[in-house]
Amino acid sequence: MPSSRELQEKIASALPGADVTVEDLTGGGDHFRAEIVSDRFEGLSRIQQHRLVYDVFGDDIGGAIHALSIKTSTPGSRI
Amino acid sequence: MTNDEIRSFIENAIKENKVMLFMKGVPNQPACGFSARTAGALNALGVQYAALDILPDPRIREELSGLSGWPTIPQLFVDGELVGGSDIVMEMFESGELAELLGAEPPDEPFEPEPQPEPVQRGIGLENRLD
């Protein structure tokens, strides 16, 4: 069962320099919420930004990770 | 139904419906919180949309994700293009972009998604919502 720390580390290593926060929404290790701030998202549509994150996990999305809620932003757009 | 038939059914549904939502359950009885919120956003805007429940056959989801390259459900398509899953749809709903994309008036008040009911099993079919 994945932990929020494992998810956080995977995303952070795939997107170097990103500010990544992952929360286990249910405590059950299957519903997560990730907030990622990265300059890699610059100039990308929301779809492309979310795809970059989904790609980190491949088939685990919908498998071991039942649900991953994603919020992406760039350092410049952060409030 | 063969996998090819399922795939072409999905392709046609995306092509023939300006606003096409693939979800778990149906709008009146969503079977997942993410699907409930996404259908709720469309309902709050009062737009017409078609919805397809992916639960009756696991191949629907496989073929859909193969087509769209998007791993999760729900998936919202507008004018044949993938708009996103529930996170993107909700962000766009809250920012007013979704209303703009769909040519709808933004609602005056925020909506509360319906409580999540138990999953229901249904046959493959389209539910056209005509308000």
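**View 1. Helix α2(A) meets helix α4(B) across the boundary between the chains.** In this predicted model, Arg46(A), Ile47(A) and His50(A) of α2(A) are in contact with Asp87(B), Ile88(B), Glu91(B) and Met92(B) of α4(B), where contact means heavy atoms within 4.5 Å. Helices here are DSSP runs of H or I with at least four residues, strands are runs of E with at least two, and both are numbered from the N terminus. By class, the residues of this contact divide into three nonpolar, one polar and three charged; Ala, Val, Leu, Ile, Met, Phe, Trp, Tyr, Cys and Pro count as nonpolar, Asp, Glu, Lys and Arg as charged, and the others, Gly among them, as polar. Two packed helices are described by the angle between their axes and the distance between the axes. For α2(A), which spans residues 46-57, and α4(B), the axes come within 10 Å and cross at roughly 145°, the axes being lines fitted to C-alpha atoms over the stretch in contact, with angles that run from 0 to 180 degrees between N-to-C directions. The crossing of α2(A) with α4(B) is right-handed; a crossing has this name if the near helix is turned clockwise from the far one by less than a right angle, and is left-handed if anticlockwise.

The model is predicted, so local features need pLDDT of at least 70 and side-chain atom pairs count only at pLDDT 80 or more, while totals for chains, interfaces and linings use all residues, and side-chain values use heavy atoms, with hydrogens and water left out. Residues are numbered from 1 along each chain as its sequence is written, and chains are lettered from A and ligands numbered from 1 in the order in which they are written.

**View 2. The wider interface joins 16 residues of chain B to 15 residues of chain A.** The area buried between the two chains is about 1300 Å², of which carbon and sulfur atoms give 55%; buried area is the accessible area (1.4 Å probe) that two parts lose on being put together, summed over both. Trp70(B), Asp87(B) and Glu91(B) supply 38% of the area that chain B buries against chain A, more than any other three residues.

**View 3. A salt bridge links Arg46(A) to Glu97(B).** The side chains of Arg46(A) and Glu97(B) meet at 2.9 Å, N to O, and a salt bridge is defined as a side-chain nitrogen of Lys or Arg within 4 Å of a carboxyl oxygen of Asp or Glu. Across the interface of chain B and chain A the rule finds two salt bridges, whereas the structure holds seven over all chains.

**View 4. Within chain A, helix α1(A) packs across helix α2(A).** The axes of α1(A), residues 4-14, and α2(A) come within 10 Å and cross at roughly 120°, and this crossing is right-handed. On α1(A) the contact is made by Leu7(A), Lys10(A), Ile11(A) and Ala14(A), and on α2(A) by Val53(A), Val56(A) and Phe57(A). The contact has six nonpolar residues, no polar ones and one charged. Also in α1(A), Arg5(A) forms a salt bridge with Glu9(A), with the closest N and O atoms 2.9 Å apart, and these two residues lie four residues apart, about one turn of the helix.

**View 5. Two loops of chain B carry backbone features at Pro74(B) and Asp79(B).** In the loop between α3 and β5 of chain B lies Pro74(B), and the peptide bond that leads to Pro74(B) from Ile73(B) is cis, with omega near 10°. Asp79(B), in the loop between β5 and β6 of chain B, has a positive phi of about 50° although Asp79(B) is not a glycine.
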